[in-house]
Amino acid sequence: MTVPEFLFLLAAGVGAGLTGSIAGLASLVSYPALLATGLPPVTANVTNTVALVLNAVGSVSASRPELRGQGRRLRPLLLAAVGGGVTGAVLLLLTPPDAFERIVPWLIAGASVAILVQRPPRELAAEGAQHAPVRDPRWLALGTFAVTVYGGYFGAAAGVLLLALYLLSTGEGLPRGNAMKNVVLGVANGVAALGFALLADVAWAAALPLAAGFFLGGRLGPRVVRRAPQTALRTVIALAGLGLAVHLGVQAYL
């Protein structure tokens, strides 16, 4: 790998890490960057998954205030994420990833619209003050398992799907919901990455600068979410997700 390629992947990793820790769209930046260096698609996909582990490390380490008090809630979700990550990785190694290509745009579009129309946390809090506190639904772990299977298998915008799931089912605001998403997706991705590192062809020379960039970008993301206006940031995330859905839809149907 040349020095310009190394610096290019490092910069791409920072941008992807920032995008991933905020909106769950890291691969929108990092995967094309790997392809641009000449890696074949399957190797790029595997290498991207392995490097993404550092994005989770960076974003979770910067999200301690948002994760405070969420330990009990996260335990069953993390168990579901482990199972989902393993299942998704096995499916990817055994079957071609194009099996999902026609349904993925609809999933991403639906999640993006859900993020866009979520009621503001202030309204939810005011409503909760008049009623008994709402517990997380019992099916939340099952939903987490389903999304993380998809994430380990195909991966595109799995973070958007998880973010929509947590915002709509828990009533949390964007900072805490985003922190949940980063932890759960990080565990699922880490499990899948371990399998790929042992059983697949990882381009380690490309993975290292990309992972370093992922870590730096992941550290910045929670700070942006913490300070940015939630409504505006939700709109940006939703529009980015809709843009990706359109792009993938064109590829799948045309």
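**Start at Ala56**

Select Ala56 and look around the residue: setting aside residues up to four places away in sequence, Ala56 touches Asn182 and Gly186. Keep in mind that this is a predicted model. Ala56 sits in helix H3. Is Ala56 buried or exposed? Its relative accessible area is 14%, under the 20% cut-off, so Ala56 counts as buried. Now add Gly17 to the selection. Ala56 and Gly17 lie 39 residues apart along the chain, yet their C-alpha atoms are separated by 8.6 Å.

**Zoom out to the whole chain**

Show the full cartoon. The chain has 12 helices and 0 strands. Follow the ribbon from the N terminus and each element you pass is α. The chain has 254 residues, and 48% of them count as buried. Take the contacts with a separation of 6 or more: residues 24 or more positions apart account for 83% of them.

Next, colour by confidence. The average pLDDT of the chain is 84, and 89% of the residues score at least 70. Where is confidence lowest, and where is it highest? The low end is helix H7, residues 121-130, with a mean of 44. The high end is helix H11, residues 204-227, at 93. Select residues 121-133 as well. Their pLDDT is below 50, and the stretch has 7 contacts in the model beyond near neighbours in sequence.

**H3 against H10**

Go back to H3 and show H10 with it. The two helices pack at an angle of about 145 degrees, and their axes are 8 Å apart. The crossing is left-handed. Which residues make the contact? On H3, select Val46, Thr49, Val50, Leu52, Val53, Ala56, Ser59 and Val60. On H10, select Asn182, Val183, Gly186, Asn189, Gly190, Ala192, Ala193, Phe196 and Ala197. Sorted by class, this contact has 11 nonpolar, 6 polar and no charged residues. Your starting point, Ala56, is in this set.

**H5 against H10**

Keep H10 and swap H3 for H5. H5 covers residues 71-94, and H10 covers residues 174-199. Their axes come within 8 Å and cross at roughly 35 degrees. This crossing is right-handed. Residues of H5 that take part include Arg73, Leu77, Ala81, Gly85 and Ala89. Among those they meet on the H10 side are Arg176, Met180, Val184, Val187 and Val191. The contact residues of H5 with H10 divide into 18 nonpolar, 1 polar and 2 charged.

**Gly20 in H1**

Now select Gly20. The residue belongs to helix H1, residues 3-23. Its relative accessible area is 6%, so Gly20 is buried. What is Gly20 in contact with, leaving aside neighbours within four places in sequence? The list is Leu25, Ala26, Asn55, Lys181 and Asn182. Asn182 also touches Ala56, where the tour began. Measure from Gly20 to Asn55 in your viewer. They are 35 residues apart in sequence and 7.5 Å apart in space, C-alpha to C-alpha.

**H11 and its cover**

Select H11. Its 24 residues should span 34 Å at 1.5 Å a residue, and its end C-alpha atoms are 35 Å apart, so the two values agree. Which residues of H11 are buried? They are Ala206, Ala207, Pro209, Leu210, Ala211, Gly213, Phe214, Gly217, Gly218, Gly221, Pro222 and Val225. To see what covers them, turn on H1, H2 (27-36), H3, H10 and H12, which are included in the cover.

**Finish on H12**

Select H12, residues 230-253. This helix has 24 residues. From its first C-alpha to its last, H12 reaches 34 Å, close to the 34 Å expected. Its buried residues are Leu233, Arg234, Ile237, Ala238, Gly241, Leu244, Ala245, Leu248, Gly249 and Ala252. Look at how their numbers are spaced. An α-helix has 3.6 residues a turn, so residues three or four places apart point the same way.

For the last stop, pick Leu248, in helix H12. Its relative accessibility is 14%, so Leu248 counts as buried. Then select Pro105. Leu248 and Pro105 are 143 residues apart along the chain, and 5.7 Å separates their C-alpha atoms.

Conventions: Residues are numbered from 1 along each chain as its sequence is written. This is a predicted model: local features need pLDDT of at least 70, side-chain atom pairs count only at pLDDT 80 or more; totals for chains, interfaces and linings use all residues. Side-chain values use heavy atoms; hydrogens and water are left out. Helices (H or I, at least four residues) and strands (E, at least two) are DSSP runs, numbered from the N terminus. The expected span of a helix is 1.5 Å times one less than its number of residues. Buried means under 20% relative accessible area, exposed over 50%, partly exposed in between (1.4 Å probe, protein chains only). Axes are lines fitted to C-alpha atoms, for helices over the stretch in contact, and angles run from 0 to 180 degrees between N-to-C directions. A crossing is left-handed if the near helix is turned anticlockwise from the far one by less than a right angle, and right-handed if clockwise. Contact means heavy atoms within 4.5 Å. Ala, Val, Leu, Ile, Met, Phe, Trp, Tyr, Cys and Pro count as nonpolar, Asp, Glu, Lys and Arg as charged, and the others, Gly among them, as polar. pLDDT is the predictor's confidence in each residue, from 0 to 100.
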